[in-house]
Amino acid sequence: MSLLQAEVERRGTQIFDLVDRHPESIFSKAGFYQRMMEFSMRDEHFKVQMFRFVDVLASLRRGSDIVQHLDEYFADMRNGYAPLIRTGVSLARIVPFISGKFLRWNVSGMARQFIAGRNPADVMKTLRKKRRQRIGFTVDLLGEAVVSEEEANEYATRCQELLEHLARETRGWTDPLGRNAELFPVVNVSVKISALYSQMNPADPADAIAHLAPKLRPILRRAKELGAFINFDMESYAHKNATLELFRMLFTESEFREWPHAGIVIQAYLRDAEDNLSDLIAWGRERGTRFTVRLVKGAYWDYEKIKSTQNGWIIPVWLQKPESDANFERLTRILLENESIVTSAFGSHNVRSIAHAQALAEELGIDRSRFEFQLLYGMAGPIKRALVEMGYRVREYSPVGELLPGMSYLVRRLLENTSNEGFLRAKFSEHVSATQLLRDPRDLVNGALEAVVSAAPAQGFAGDTRAPDFSRNGATAEMPPGDTYKNASLTNFVHPESQEKMRAALRDVRARFGRKYPLVIDGKEVWTDKLLPSLNPSAPDQIVGLVAEAAIPEAESAVKAARRAFQTWGRTPFEERCQLLERVAAILDRRRFELSAVEVFEVGKAWAEADGDIREAMDFCLFYAHQMRLRGNPRLTQHVLGEESYQHYWPRGVALVIAPWNFPVAILCGMVTAALVTGNTVIMKPAEPSAILGALLMEIFKEAGVPPGVLNCLHGRGSVIGAYLVDHPDVEMIAFTGSREVGLRIWESAGKTRPGQRELKRVVCEMGGKNAVIVDSDADLDETIVDTIYSAFGYQGQKCSACSRLIVLEENYDRVMQRLLAAAASLRVGNPEEPGITVGPVIDETAYRRIQEIIESGKTEATLAFQATKIPEKGYFIPPTIFTGVTPEMTLSQCEIFGPVLSVLKARDLDDAIRIANDTDYALTAGFFSRSPANIERVKAELVAGNVYVNRSCTGAVVGRHPFGGFKMSGGGTKAGGSDYLLNFLVPRVVTENIMRHGFAPEATPEYRAEFLARG
């Protein structure tokens, strides 16, 4: 045992001895709260339902609603508490007004366990009490979930008011410890950076800093005048880099360069925390003035893990608690070894971590008065008392705010208290021995701390040089696709390398504006006398590129080439076709920044939207290859002695793919790859406004090795070559995504049999929607507003899945509208070349004029509640627009607008809301925001749409995860990115053989056999 470990154990034992002199529950409040927490630690299902009930309670205004939600959350309990819970619910129903007040009072008591006061005046009672216990404070204003600049400005004002109030009320207070008091001002305020700017975007830290710095300077200036301390809190990983850069920038300015009373948080659960801390210390030495670092483990572990997993990113946090603990100790050493420039504030309830800091400081000869321990209000009271008795400085992190904005904080604390790995639970609830609790965390991970990094997923953030492995995706014919398919990753624009790659791609693409692209027929480049220009909708005088325009002769040549190539391609082993798709995916990945940049210029997509489109194209390649491997081999229909009967699939023939411009790479690639991997040959016609992207996709397929004639690319006018090819007798199927008007013409035309036609044409027809989102009376408005704004105005509302109608229950209407309008007013509208832009231009002049006409017409039948005023003068920019007073029969409710226009309808109740939502010709997507389990289940069953989204945005379907497509006038019921999508491109065939010979037959027949391949 090392000397340091021995000293850690000695000091840890001393703390435990002091703690045990005053035994106390993990929970400083008894009764209802303690019982609920004890139940939660014994039953995971109860815990989930309990926390969900706590989360929704603050938004419920009637006693009957509270009792109803209590019943919905706990009616299905099947544990030992079920009879007690059911009895309680039954009694509560008798007098809901009283029982509702009782429940609210008890949950408010739970909140008061962790929230030090409702407002600055209220918190002073707590702070005075803590002062008598020789415990200092840092006060944090709750309410980080701001959805608008109005709310962000209110938070800044509240920070100023809090600062003034604390300074006034604590005049004459002195540091509890006395020694080195100049390092630790009495007034200490923690500021949540994200609460000061509603439009923070990881891709654009410069914009965040430009908006945050002017709001922070007055707060810092006043704190400096008052002799107070300001700490920058650290929240999600997405905002970490911007927060660090903001801190360095502000405190390098001449006004604050020599002011030492500023601090920032470092989260030890982050893998890159050590690098960040080292950079901060180097900056501090260059600055020449002391600053403070509050070292914590981190409070967003679940969120970071879930978000990164969903997006295919390297998870930024350590995956085991001992890893975070070990990192905390490494960072503790770095801090204490640099004590000459940085003051340490150790934020932990873990006695091992605390004892380690004490022992290390002693070893380094640092006086205990030159650092402090920070612990959360309402938790670990005995540990705080022990530290005070040992002569250490203790500060409590004391949140202030009302119950509603404090819900997310409260739930985080409840999760922390009931975590299986939590120190407080281990010590105070499960009574784990001191010996176990004081073990070196490095021993608990068996020296594997560094190994976890090398074992991280290969597909991480952009800039990762490791080649992604697209082979097979683990598919076998025996395994269901959901168990094996892994989506490609999105680019994580948190990382500066990703941001710089995108900027470089934008520069490179701009430098080749005006390049010309040919048609491709039978593997050859074909030029014609006419060139079609593709314009930049943000600056229509700029030509992104030009494409050769096909006419009827080129269309006929393409059909003949595809027909000839089909004779070979249709007989090519499916494995070769799958490998072609995987090569395409790899090239897409290599060129993703270039393609994203072209999307920014050619179709006006924002950075993240463009990258998402390329990711979706990669996913279509990989998913359809995966699916084809599942279906490629003939499969036995039944096990019958003496006979084998195998079903398999043949391709249909020549497929015509007509794609839209709004997902110019993804949808085009998806329909093309589905046709190719199933053995069909393809004529692809990209949309005219996104012709350059179609040409680049053709380049990628050629690079991947698509044989001549198997894929042919025609640019031209849909009314000319599109109509000709739809009617052509040698085109066996049409895959179309686009407008209802064109889709219905194709559907009708394909139903007519032409002279010389050998097959009934198959049509995959995916059209638009008039998508509704319903907001229930108990919805989480922080979540609702953010997701609705994105669904309605992301990519200018030019998604077939976009939210066009917002249906709000009248009970919640005023609250929703107040926040919705303020959030819309805060949107960033501009040229999507700039990172962080949400609303860019609509696609072309025709769309611009059509949408403007709809808006003008809408003003005559509804109320224009909001329309943005700050939009660029140049380009096809439509201001985000919101109409209220809309009724179901109005044009605004029935017509697909395909632009940044949102209609808001008021519903009496959920019955009325569902009726309104279902009352259109379309059935594509729909959304519902609610925290009522019963209402959620009802909507899942009754909302008429192909994709129903609950408590999330109604856009952003992911291949394989959210198979996408609608019915009614939204389409024929096909699901792109779904397990059955490839069947649309195939014809089933069954081959049956009598295998009995003279009464003898094999006893077993294999479930799968090799594919039937005709001889060349």
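This passage describes the nonpolar cores, one helix and its surroundings, a small sheet and the cysteines of a predicted model.

The interior is a good place to begin. The largest nonpolar core holds 150 residues, and among these L588, Y624 and I774 touch the most other members. Helix 25, spanning residues 607–631, supplies the largest share of this core, with 12 residues. A second core of 103 residues is separate from it and includes F16, I193, V317 and I334.

I774 offers a helpful route from the core to helix 34. Leaving aside residues up to four places away in sequence, I774 is in contact with I807, L809, L910, A913, I914, A917, G927, F928, F929 and L943. Helix 34 covers residues 910–918, and its buried residues are L910, D912, A913, I914, I916 and A917. Several elements take part in covering these buried positions, including strand 21 (771–775), strand 22 (803–809) and strand 25 (901–907). Strand 27 (925–929) and helix 35 (933–942) also belong to this cover. At the start of helix 34, a side-chain oxygen of D909 comes to within 3.2 Å of the backbone nitrogen of D911.

Elsewhere, three strands form an open sheet with mixed pairing, in the order 9-13-12. Strand 9 (515–517) and strand 12 (531–536) each have a single partner strand and stand at the edges, so one side of each lacks a neighbour in the sheet. From one strand to the next, the twist averages 35 degrees. Strand 12 pairs with strand 13 (residues 539–548) in the antiparallel sense, over 6 bridges. Within this part of the sheet, L531 is placed opposite A548 of strand 13. Helix 24, made up of residues 592–603, lies across strand 12 and strand 13 and runs at about 95 degrees to strand 12.

The cysteines complete the picture. A disulfide is a covalent bond between the sulfur atoms of two cysteines. Searching the whole structure gives 0 disulfides. For C669, the nearest cysteine sulfur belongs to C621 and is 3.6 Å away. As a disulfide requires sulfur atoms within 2.5 Å, C669 is in no disulfide. C669 is nonetheless buried, with a relative accessible area of 0%. C578 is likewise buried, and its relative accessible area is 0%.

Methods: Residues numbered from 1 in each chain as written. Predicted model: local features only at pLDDT ≥ 70, side-chain atom pairs only at ≥ 80, totals over all residues. Heavy atoms only, no water. Buried < 20%, exposed > 50% of the residue type's maximum accessible area, 1.4 Å probe, protein only. Helix = DSSP H or I, 4+ residues; strand = E, 2+ residues; numbered from the N terminus. Contact = heavy atoms within 4.5 Å. Polar contact = N/O pair within 3.5 Å; in protein donor to acceptor, adjacent residues only side chain to side chain. Pairing = 2+ DSSP bridges. Axes fitted to C-alpha atoms, helices over the stretch in contact; angles between N-to-C directions. Core = buried A, V, L, I, M, F, W, Y, C linked by side-chain atoms within 4.5 Å.
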